[in-house]
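Q: I would like to learn how to read a few features of a model, one at a time. Where should we begin?

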Amino acid sequence: MNKGLFITFEGNDGSGKTTISKNIYEKLKKMGYPVIYTREPGGIDIAEQIRHIILDPANTAMDGRCEALLYAASRRQHLVEKVLPALEKKQIVLCDRFLDSSLAYQGVARGIGVDEVYGINEFAIEGCMPDATIYLDVSLEVGLARVASRGNLDRMDQESMDFHQAVAKGYAIVREKFAQRMHVVNADQEVEKVLADTLKVLEEIVQPYV
């Protein structure tokens, strides 16, 4: 590869981001691509500790701006400790969530503002944006049914229907704002079909860089 590739996975809760991104990682690895998998918030020790604070259902008093700042802090450490070193090695980085999640969840659903949350994260990421984003497009009914079926809900999972509807509206804004890097996959389908469609998109993204 001539350069590293930073590819993120986004979508409402229950869209299958984790399942699909992990499966895609395994498939690309078997195909011989220099690929790593990671996630946000988390991916490295410090960021995983912040993840626990953010998602702990007991932390109901957390202010929206505090939440946004914690996500940005986790993102910064994860970026400098894991993502950037991998890109410097010309690897493909597959990341379950990144900046777009903050814009949708905190910027829109928490009512902070997309530009305000983007500003916080500009400081954190110093211009490091994804080369491409796989957006797994799931209907709220299907997504929330999947979330409910897995049990053990975290603090974000337990939010109201109004909140999740606002997240979906937020993602619509984000998809328009960054349309040039967005690749939309229908995630209402059975997992095997979503995986096949996603792999097809990923091969098209990766091929020019091989």
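**Reading a covered helix, unusual backbone and a cavity**

A: Among the elements that cover the buried residues of helix α4 are β1 (5-10), α3 (64-88), α5 (114-125), β4 (132-137), α7 (161-177) and β5 (182-186). Keep in mind that this is a predicted model.

Q: How many residues of α4 are buried?

A: In general, an α-helix has 3.6 residues a turn, so residues three or four places apart point the same way. Helix α4 spans residues 99-109, and 10 of its 11 residues are buried. The buried residues are Leu-99, Asp-100, Ser-101, Ser-102, Leu-103, Ala-104, Tyr-105, Gln-106, Gly-107 and Ala-109. The list includes Asp-100 and Gln-106 as well as Leu-99 and Leu-103.

Q: What phi does Gly-111 take, just after α4?

A: Gly-111 has a positive phi, about 75°.

Q: Which residue before α4 has a positive phi without being glycine, and where does it lie?

A: The general idea is that most residues other than glycine have a negative phi. Arg-97 departs from this pattern, with a phi near 80°. Arg-97 sits in the loop that runs from β3 (92-96) to α4.

Q: Is Arg-97 buried or exposed?

A: Arg-97 has a relative accessible area of 13%, so it counts as buried, the cut-off being under 20%.

Q: What about Glu-126: where is it found, and is it buried or exposed?

A: Glu-126 belongs to the loop between α5 and β4. Its phi is positive too, about 50°, and it is not a glycine. With a relative accessible area of 61%, Glu-126 is exposed, since the cut-off for that class is over 50%.

Q: Which two residues does a cis peptide bond join?

A: As a rule, most peptide bonds are trans. Here a cis bond links Glu-40 to Pro-41, with omega about -15°. Pro-41 is placed in the loop between β2 (35-39) and α2 (45-55).

Q: How many cavities of 30 Å³ or more does the structure hold?

A: Rolling a probe the size of a water molecule over the atoms shows where empty space is left. The structure has 1 cavity of 30 Å³ or more, and the volume of the largest cavity is about 40 Å³.

Q: Which residues line the largest cavity?

A: The lining consists of Asn-12, Asp-13, Val-138, Ser-139, Leu-140, Gly-143, Leu-144 and His-164. Helix α6 (residues 140-150) supplies the largest share of this lining, 3 residues. Sorted by class, the lining has 3 nonpolar, 4 polar and 1 charged residues.

Technical notes
Residues are numbered from 1 along each chain as its sequence is written. This is a predicted model: local features need pLDDT of at least 70, side-chain atom pairs count only at pLDDT 80 or more; totals for chains, interfaces and linings use all residues. Side-chain values use heavy atoms; hydrogens and water are left out. Buried means under 20% relative accessible area, exposed over 50%, partly exposed in between (1.4 Å probe, protein chains only). Helices (H or I, at least four residues) and strands (E, at least two) are DSSP runs, numbered from the N terminus. Contact means heavy atoms within 4.5 Å. On a 1 Å grid over the protein atoms alone, a cavity is a set of points where a 1.4 Å probe fits but cannot get out, and a pocket is an open set with protein on both sides within 12 Å along at least five of seven lines; lining residues have an atom within 4 Å of a point. Grid points are joined across faces, edges and corners, and a volume is the space filled by probe spheres set on the points. Ala, Val, Leu, Ile, Met, Phe, Trp, Tyr, Cys and Pro count as nonpolar, Asp, Glu, Lys and Arg as charged, and the others, Gly among them, as polar.
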